[in-house]
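Here is a short tutorial for someone meeting this structure for the first time. Please look over the sequence and the model before reading on.

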Amino acid sequence: MTEAFSPEIDTSMTAMVRPDANLDILSGVCLRVSVEVGSTSMRLSALLDVTEGSIIELDRQANDLLDIFANGSLIARGEIVSIDSRYGIRIAEVVTPEGRPPAIERRL
């Protein structure tokens with residue numbers, strides 16, 4: 001008869017995390033937050049013709065909400081606000097994990 005393998009777990013060097021643990025341990029984690037106004041596809045020849053004053057039509061209406069990403073994952077939608085001559089984003093809706101499309105890797 002063979003004995004079932006049962007590895008022993010050494011918990012002396014690891015912290016046990018409870019599901020209801022305080023998430024303060026994550027408060028120092030940095031995330032890249034970006035806002036997408038819109039996008040378009042264009043031929044390289046058209047891109048090479050872009051000059052100062054050119055207008056590139058995007059895939060959004062002027063009153064559409066902007067997508068807000070954290071590390072490439074859609075987390076919310078919002079609208080542009082101006083605060084003391086600086087831009088900001090007012091969150092209009094938070095996207096639930098079930099409503100998120102798969103993350104798109106973005107390198108900025």
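The questions below go through a sheet and two loops of this predicted model.

Student: In what order do the four strands form the open sheet?

Tutor: The sheet is open and its strands pair in antiparallel fashion. Its edge strands, which pair on one side only, are β1 (33-36) and β4. On average, and with direction ignored, neighbouring strands are turned by 40° against each other. The order is β1-β2-β3-β4.

Student: Which residue in β3 stands opposite phenylalanine 69?

Tutor: Strand β2 covers 66-70 and β3 covers 73-83. The two run antiparallel and are joined by five bridges. Opposite phenylalanine 69 stands leucine 74.

Student: Where is asparagine 71 found, and what is its phi?

Tutor: Most residues other than glycine have a negative phi. Asparagine 71 is not a glycine, yet its phi is positive. This residue is found in the loop between β2 and β3. The phi of asparagine 71 is about 50°.

Student: Which loop holds aspartate 84?

Tutor: Aspartate 84 is another residue that has a positive phi, about 50°, although it is not a glycine. Aspartate 84 lies in the loop between β3 and β4 (86-94).

Student: Is aspartate 84 buried or exposed?

Tutor: A residue counts as exposed when its relative accessible area is over 50%. Aspartate 84 has a relative accessibility of 74%. Because of that value, aspartate 84 counts as exposed.

How values were computed
Residues numbered from 1 in each chain as written. Predicted model: local features only at pLDDT ≥ 70, side-chain atom pairs only at ≥ 80, totals over all residues. Heavy atoms only, no water. Buried < 20%, exposed > 50% of the residue type's maximum accessible area, 1.4 Å probe, protein only. Pairing = 2+ DSSP bridges. Axes fitted to C-alpha atoms, helices over the stretch in contact; angles between N-to-C directions.
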